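Hi,

Here's the structure I promised to pass along. Have a look at it first, and then read on for what turned up.

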Amino acid sequence: MKVIASAPAKVNLALHVGGPRPDGFHPLDTVFQALNLRDEVTAVEDAGLSMTISGLGANLPTDHTNLAMRAAQLLLDTYGVRPTDRAYGKGARLHIHKVIPVAGGMAGGSADAAATLAALNKLWELELGESQLLELAAQLGSDVPFCLVGGVAHGTGRGEKMQQIYTVAQFGWVLLTRSDGLSTPAVFREFDRLYPAARDPRPTTELRTVLRHGTLAEIGRLLSNDLQAAAISLRPELGDVLSDLSEAGYGAILSGSGPTIAVLCDPDECAELAKDISNAYPELAVYSAAGPTPGAQVTVEQN
């Protein structure tokens, strides 16, 4: 049996961060949006558990340090599926094709983990419901639950506690990425250095209200990322690009912990804006994307 599943990249319309909790995680008040840049996971029955990667992540590790492999192992450990258990096809051979930029603050690793959970749930005929998959996803990382559900969502806790948000708007995005990523832990450490007195994160109430009925221009004025200053402190050139693009579209924001920069625009204007930005920044990779889109989905199932 072969199963193919995909999961989306994300952008944070708002990412408000508090000081570290006793467990080391930072409390968040964030609004996620899923984009139509999707990584794809193919899962085939096999005698063990292995992985290969193509696309943008061809050089990524394929061992237990890869979040998708950890997702597969978590399913094995939690539900008693062993690579030697012939009743469940013995194991799985995974192949990930990546189109989401690596280490860009767009949850590419989390998307891979979410797609892996969806694919193996089908491959191994576990018949786990959404709540069970979300519980596993929360053990893997803060963004993995959102990559399972997609759409637009309000995240609290460390991002794993979510409530869906209905919005009438259709979003276009132009994304500027760099080949040298930023370490999320390093950005949070820099945030702690810059804001040692940080306590609870600011609420995203106004943005969530505007999202329900507002225009892209109104939403664009409320884009906000508390990690932006920390990322710029580590990579000052990001500040220059953000400043240059402040009047482009409906506003520019750092995506997650960076270094990807996301420019909000009308969907039908994305291609032209992406062309203009690409000409202005030939050293950067520029993508067009749209949202919101669904979370992890099984797209092909073959016996």
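Let's start with one residue: leaving aside its neighbours within four places in sequence, A111 is in contact with A7, P8, I100 and C147. Keep in mind that this is a predicted model. A111 lies in helix α2, and its relative accessibility is 0%, so it counts as buried. If you'd like a pair to look up on screen, try A111 and E40: they are 71 residues apart along the chain, and their C-alpha atoms are separated by 8.8 Å.

Stay with helix α2, which covers residues 108–123. T116 is found there too. Is T116 buried or exposed? Its relative accessible area is 0%, and anything under 20% counts as buried, so T116 is buried. Not counting residues up to four places away in sequence, T116 touches V41, A68, A71, A72 and L94.

Now for the nonpolar cores. In soluble globular proteins, nonpolar side chains tend to be buried together. Here the largest nonpolar core has 64 residues, and the ones touching the most other members are L13, L94, L117, L120, F171, W173 and L211. Which helix gives the most to this core? That's α2, with nine residues. Take L120 from that list: apart from neighbours within four places in sequence, L120 is in contact with A43, A72, L75, A92, L94, E125 and L126. There is also a second, separate core of 27 residues, which includes L28, L238, I277 and L284.

Next up is helix α3, residues 130–140, where L133, L136, A137, A138 and L140 are buried. What do the buried residues of α3 pack against? They pack against α1 (67–79), α2 and α4 (144–149).

The pairing of α1 with α3 deserves its own look. Two packed helices are described by the angle between their axes and the distance between the axes. For α1 and α3, the axes come within 10 Å and cross at roughly 125°. That angle makes α1 oblique to α3. As for handedness, the crossing of α1 and α3 is right-handed. On the α1 side, L67, R70, A71, L74, L75, T78 and Y79 meet Q132, L136, Q139 and L140 of α3. Sorted by type, the residues of this contact are seven nonpolar, three polar and one charged.

Try finding A111 and T116 in α2 on your own screen before moving to the other helices.

Cheers

Key:
Residues are numbered from 1 along each chain as its sequence is written. This is a predicted model: local features need pLDDT of at least 70, side-chain atom pairs count only at pLDDT 80 or more; totals for chains, interfaces and linings use all residues. Side-chain values use heavy atoms; hydrogens and water are left out. Helices (H or I, at least four residues) and strands (E, at least two) are DSSP runs, numbered from the N terminus. Buried means under 20% relative accessible area, exposed over 50%, partly exposed in between (1.4 Å probe, protein chains only). Contact means heavy atoms within 4.5 Å. Axes are lines fitted to C-alpha atoms, for helices over the stretch in contact, and angles run from 0 to 180 degrees between N-to-C directions. Angles under 35 degrees count as roughly parallel, over 145 as roughly antiparallel, 65 to 115 as roughly perpendicular and the rest as oblique. A crossing is left-handed if the near helix is turned anticlockwise from the far one by less than a right angle, and right-handed if clockwise. Ala, Val, Leu, Ile, Met, Phe, Trp, Tyr, Cys and Pro count as nonpolar, Asp, Glu, Lys and Arg as charged, and the others, Gly among them, as polar. A nonpolar core is a set of buried Ala, Val, Leu, Ile, Met, Phe, Trp, Tyr and Cys residues joined through side-chain atoms within 4.5 Å.
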